[in-house]
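Biologist: Could you walk me through this model and tell me what stands behind each label you use? I would like to hear the reasoning along with the values.

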Amino acid sequence: DILQNEKLVRTLESAKQQSTDMVIALKEADKTRVLLKSALELYAPIANRAALVYMCLSSLSKVDPMYSYSISAFTNQFERSITNTQTLCTTSGSHGGQQRIDMLVLGVTKGIFAYISRSLFSRHRIVLASALTFSVGLRAGTIPQNYMNFLLRCPSKITGPMPTIVQDWLTEKQWGAIQALGDPQKLNAVLHIHLMSLIDRLENCVDEEGGWTNY
C-alpha cells in the first residue's frame with residue numbers, strides 16, 4: 001500500500017509545502033515588483049533631469065575641448081547632490097510625495113551646476129546656464145519648439161522699406177527680425193497680436209528727441 005510508505009508520504013508532504021511556499025514567494029515577488037515599478041516611476045524625473053544635465057555638460061566640449069567630464073565624476077556629484085537634498089528635505093519636513101521629488105530634481109540641477117561652474121571660465125557659465133534652461137524648458141513644454149527655432153535661426157522678413165524714424169538705432173537686419181516676429185505662421189496668434197502692436201509702437205512712439213530709445 002502506497003500510503004504505508006512513510007518515506008514517500010513525507011516526500012509528497014515536503015513537495016506540497018515547497019509548492020505552497022513558492023506560491024507565497026511569487027505573490028510577494030509580484031507585490032515587490034509593483035512597489036519597485038511605482039518607485040521607478042516616482043523617481044524617474046530625477047533620473048531624466050540628471051541625464052539632461054549630463055548631455056548639456058557633454059556639449060561643453062564643443063565650446064572648449066578642455067571641458068571633458070567623466071561619467072564616474074558626474075555620478076559622484078549626482079549622489080552627493082541627492083544626499084544633500086535629502087538632508088534638506090528632512091529638515092524642511094518633506095518626507096515624501098511630489099514636493100520631495102521636485103526638491104530632489106531642483107537639488108540635483110543646482111548641485112551639479114554649482115560644482116561644474118567652478119571649473120568653467122566666467123564667460124562660459126552663462127552658456128551652460130542657457131543650455132540647461134532651454135533644455136529643461138523644451139522638455140517640460142514651457143518653451144515651444146518654434147520659439148526656440150526662431151531664437152536660434154533669427155529669420156528676417158522685409159515687408160517694405162525700413163521706416164526712417166528707426167534707421168538711426170536699428171539695422172536693417174534687426175528690423176527684418178522684428179518683422180519676422182510678427183509672422184503668425186511662425187508664432188502663435190496671441191503673440192502675433194502683441195508683436196504687431198510692438199512694431200506699431202516702434203514706428204510711432206519715438207519722438208523728435210529719441211523718446212524711450214535714449215534709455
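**Labels and the values behind them**

Modeller: Gladly. Of the 215 residues of the chain, 26% count as buried, where buried means under 20% relative accessible area, exposed means over 50%, and partly exposed lies in between (1.4 Å probe, protein chains only). This is a predicted model, in which local features need pLDDT of at least 70, side-chain atom pairs count only at pLDDT 80 or more, and totals for chains, interfaces and linings use all residues. Residues are numbered from 1 along each chain as its sequence is written, and side-chain values use heavy atoms, with hydrogens and water left out.

Biologist: What pLDDT does the chain average?

Modeller: The average is 80, and 78% of the residues score at least 70; pLDDT is the predictor's confidence in each residue, from 0 to 100. Among the elements, helix α4 (residues 122-140) has the highest mean, 93, and helix α7 (residues 189-204) the lowest, 63. Where pLDDT is low, the predicted coordinates should not be read in detail.

Biologist: How many helices and strands does the chain have?

Modeller: There are seven helices and zero strands. Both are DSSP runs numbered from the N terminus, helices being H or I with at least four residues and strands being E with at least two.

Biologist: How do you know that the span of α4 agrees with what is expected at 1.5 Å a residue?

Modeller: The expected span is 1.5 Å times one less than the number of residues. For the 19 residues of α4 that gives 27 Å, and the end C-alpha atoms are 28 Å apart, so the two agree. Helix α3 (97-117) has 21 residues and reaches 30 Å from its first C-alpha to its last, close to the 30 Å expected. After α4 comes Gly141, with a positive phi near 85 degrees.

Biologist: Why is His124 called buried?

Modeller: His124 has a relative accessible area of 9%, and the limit for buried is under 20%, so the label follows. This histidine sits in helix α4, where the buried residues are His124, Leu128, Leu132 and Gly137. An α-helix has 3.6 residues a turn, so residues three or four places apart point the same way. Not counting residues up to four places away in sequence, His124 touches Val63, Asp64 and Tyr67, contact meaning heavy atoms within 4.5 Å.

Biologist: What makes Phe121 partly exposed?

Modeller: Phe121 has a relative accessible area of 37%, which falls between the 20% and 50% limits, so partly exposed is the right label. Phe121 is found in the loop between α3 and α4. Leaving aside neighbours within four places in sequence, Phe121 is in contact with Asp64, Met66 and Tyr67.

Biologist: Which residues make the nonpolar surface patch?

Modeller: Val63, Ile126 and Val127 make it, with an area of about 230 Å². Patch residues have over 30% relative accessible area and no salt bridge, with nonpolar side chains (Val, Leu, Ile, Met, Phe, Trp, Tyr) joined within 5 Å and like charges within 9 Å. A salt bridge is a side-chain nitrogen of Lys or Arg within 4 Å of a carboxyl oxygen of Asp or Glu. Val127 lies in helix α4 and counts as partly exposed at 34% relative accessibility. Accessible areas come from the Shrake-Rupley method with a 1.4 Å probe; for residues, only the protein chains shown count as cover.

Biologist: Is Gln77 buried or partly exposed, and why?

Modeller: Gln77 is at 7% relative accessibility, so it counts as buried. Gln77 is in helix α2 (residues 71-92) and, leaving aside neighbours within four places in sequence, is in contact with Gly111, Ile112 and Tyr115. The buried residues of α3 include Gly111 and Ile112.

Biologist: Why is Phe78 called partly exposed?

Modeller: Phe78 is at 21% relative accessibility; buried requires under 20%, so Phe78 counts as partly exposed. Phe78 also belongs to helix α2. Not counting residues up to four places away in sequence, Phe78 touches Ile46, Ala50, Val108 and Ile112.

Biologist: What separates the C-alpha atoms of Ser59 and Ala131?

Modeller: They are 9.1 Å apart in space and 72 residues apart along the chain. Ser59 lies in helix α1 and, at 29% relative accessibility, counts as partly exposed.
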